[in-house]
Amino acid sequence: MTKSDHVALTLSSASIAGITGGGVGVGDECNLSRKSLRRSWNQLPRCQRNLIIMGITAFCVTLLLFLPGDQLISMKDVHLKPGAAPFHMRRENTLQNPHHHPNLSPEKHGNDLPAEISAAVASPMTEDRFIKQEPSNDKAAGNVAYPEGNSAENVVKLPETAVAGNENINGPIDIVNNVEQPIDRESSLPIEEQSDMRAELEEAIRHPFNLAGESIDLHLQKMQTQLAKAQHFHGATNERQTAVVAAFKHSWAGYKKYAWGHDNLKPVSQTSHEWFGLGLSIVDSLDTMYIMGLEDEFNEARDWVKDSLRFHTSRDVNLFEVTIRVLGGLLSAYHLSGDQMFLVKASELGNRLLPSFLTPSGIPYSDVNLGESSAHSPKWSPDSSTSEVTTIQLEFRDLSRSTNVPIYESVVNKVNEKIHALDKTHGLVPIFINANTGTFRNYATISLGARGDSYYEYLLKQWIQTGRKDNDNLILDYMQAIDGVLTQLMRRTPRENWVYIGELINGHDFKPKMDHLTCYLPGTLLLGHQNGMPDSHLLLARDMMDTCYQTYIKQPTQLAAEISYFALNEKDENDIYVKPNDAHNLLRPEFIESLYYFYALTGNRTYQDMGWTIFQAFEKHSKVAAGYTSLGNVKNTLNTRMRDLMESFWMSETLKYFYLLFSDNRKEIDLEKWVFNSEGHPLPVYQQ
Ligand code: DMJ
């Protein structure tokens, strides 16, 4: 028989069917056909054999790709014994088991993607560690091409097309990343200290009304000498400050009349808005009233805090928001007024926030139930926002220093250490982090706007709070991050040369988009420069001030939009533009905050004039009968589309920074002695 005969015989499916369907006994028949097939196969030219193998492989891959994810999952559930599947499938199996971790369930994950894609987004390092934890009989099972180390070919990479251009934080990337990764149990603390810390943490959670094993009151009585002393403020001294105080009083009156005890005022409908049920507007406004010299208003707010602020309701709250607004508000009121009641409340709240830190990695969960002493990841994602877990440190540290109880500072220092140890992109961080694994989400956006902003702010401010030590990781990370901003995120517009900070979508694709939130940066950069940071920071700060101001005055209302875009080249009609869906203004403070730092640190009154222009724009477009409202559209003076919400940061931050900006005494708050938290609450600077 010639080779070609064999080819003709063995490759014809009809022939194969004929052999297997003949009258010979089944065993013999199979042996015969197997031998004949093998012989025929061996006689095929190598290139034909390769072609056939490639064809079969392509067929199998196509089949797998078109099978829906749930079919894949059920397939593996049925067929795969433990350790007998490719590693990504086995991990998927673990994921689907809701008992694997109390905070993970299939519903929470919503992971209906094929297992391959889920596996593909896990980090290389993580993937490698996971493989090493698998049972050793996998190899014997013969189904796994087992990687031995962390070599390039062992790394499963996400295909570019799977993520490119996907910028929706609630979109497919979130689903893809609903993957539990291995837990990093490493800690820089020695084992005994770790378990001491854990015991202290659990003790504080079990007894929210105690400090260091005794009642909060008793504990604070014993440390009487260290308690805060009241600061003196003289009230408005000029017309502009008086106008700001009037704006505050108008806001407060509306809140008092229509929303007293609730979180926020809805000034158009003249009703209230509840978020956490913690009287946010009252607690957030305490120090503003104290600084403005509004004694009556301060006292009525104080009485409400004393008699009505309770933390035992079973309700999920956001750790970050409650920390910066309520814990920060109480601590600041305590330090400014010297009233110990605020510290008592802050201590109880601090204890009730601690369950967030009971995570495998030490990176806190985003949501905590104050009444139930439980915490979990956000409902929509397994990840916490990076800015949120890194913007609680000033407050927790201050609580420890004020009460002489170290646990609050210990838990946030641990977060600092964890974040410091993670790989970054030129010092810049992805905007999502997993509290279970302690790792950043792969391919997450890098931004100095939403979910990234105050990571950078708190690096500098924590360093200032703790006495500005040389070679401190906080300041080293800050300097590296600002270098990253300068080299990776900063751009100029083509015609008018406006400097702006863009974003890196998926961690690498530049997008010329800047949130209004980013306009806190010039103020922080200037504060850093004042404290010894390089001149490049100052130059960027100045340029950013100009750009942020443009985002206001280029709009017909002279109010900035939530998000601005910038021309990449001359084909774009305008150098700065706003898309219709981004045209809202929420009464945010960031640019006013930066104006305040520029005035306070330079004494240049030009910044006051810039602020006055903006203050008048708020008066014109946002003021309504019962307060000040957010707007839906800053692009049309005749159609501003009032949104009917006055967020607590209007009274806490925006009006406070306006008031301090217009002060005749630019050191009304001495920035050598005080550091503002992210919600505009001044806290004392410590010597170490
Ligand atoms: C405030 O709650 C804080 O300033 C926070 O850091 C960012 N968002 C708002 C104000 O815009």
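Q: Where is I363 found?
A: I363 sits in the loop between helix α19 (340-353) and strand β6, where helices (H or I, at least four residues) and strands (E, at least two) are DSSP runs numbered from the N terminus. This is a predicted model, in which local features need pLDDT of at least 70 and side-chain atom pairs count only at pLDDT 80 or more, while totals for chains, interfaces and linings use all residues. Residues are numbered from 1 along each chain as its sequence is written, and side-chain values use heavy atoms, with hydrogens and water left out.

Q: Why is I363 called buried?
A: A residue is buried under 20% relative accessible area, exposed over 50% and partly exposed in between, with a 1.4 Å probe and protein chains only. I363 has a relative accessible area of 0%, so the word buried applies. Across the sequence, I363 and K418 are 55 residues apart, yet their C-alpha atoms are 7.6 Å apart in space.

Q: What makes P360 count as partly exposed?
A: The relative accessible area of P360 is 24%, which falls between the two limits, and therefore P360 is partly exposed. P360 also belongs to the loop between α19 and β6. P360 and N436 are 76 residues apart in sequence, with 5.3 Å from C-alpha to C-alpha.

Q: Which residues surround the ligand?
A: The ligand is surrounded by I324, R325, L517, R588, P589, E590, F649, E653, S678 and E679; a residue counts as near a molecule if one of its heavy atoms lies within 4 Å of it. Helices α18 (319-337) and α29 (648-661) each supply at least two residues of this shell.

Q: How many residues of each class does the shell around the ligand have?
A: The shell has 4 nonpolar, 1 polar and 5 charged residues. In this grouping Ala, Val, Leu, Ile, Met, Phe, Trp, Tyr, Cys and Pro count as nonpolar, Asp, Glu, Lys and Arg as charged, and the others, Gly among them, as polar.

Q: What makes the approach of E590 to the ligand a polar contact?
A: A polar contact is a pair of N or O atoms within 3.5 Å; within protein, one must be able to donate a hydrogen and the other to accept it, and residues adjacent in sequence count only if both atoms are side-chain atoms. A polar side-chain atom of E590 lies 2.6 Å from an oxygen atom of the ligand, and therefore the pair meets the limit. The side chain of E679 likewise has an N or O atom 2.6 Å from an oxygen atom of the ligand, and for R325 the distance is 3.5 Å. The protein covers 91% of the 290 Å² of accessible area that the ligand has on its own, with areas from the Shrake-Rupley method, a 1.4 Å probe and, for residues, only the protein chains shown as cover.

Q: Why is S678 called buried?
A: S678 has a relative accessible area of 14%, which is below the limit for buried, so the word fits. S678 lies in the loop between β19 (674-676) and β20 (682-684), and a polar contact of 3.2 Å joins the side chains of S678 and E457.

Q: Why is the pair of Y596 and Y597 called tilted?
A: Rings of Phe, Tyr and Trp (its six-membered ring) pair if their centres lie within 6.5 Å, and planes under 30 degrees apart count as stacked, over 60 as edge-to-face and the rest as tilted. By this rule the count comes to 30 aromatic pairs. The ring centres of Y596 and Y597 are 5.4 Å apart and their planes stand at 55 degrees, so this pair is tilted. Y596 is buried at a relative accessible area of 1%, and Y597 is buried at 1%.

Q: Why does the pair of Y628 and W650 tie together parts that are apart in sequence?
A: Y628 and W650 form a tilted aromatic pair, with 4.9 Å from centre to centre and 40 degrees between the planes. Because Y628 lies in strand β18 (residues 627-628) and W650 in helix α29, the pair ties together parts that are 22 residues apart in sequence. Both Y628 and W650 are buried, and ring pairs link them with W612, F615, F618, F658 and F662 into a cluster.

Q: Why does N471 count as exposed?
A: The relative accessibility of N471 is 65%, which is over the limit for exposed, and so N471 counts as exposed. N471 lies in the loop between α23 (453-465) and α24 (473-489).
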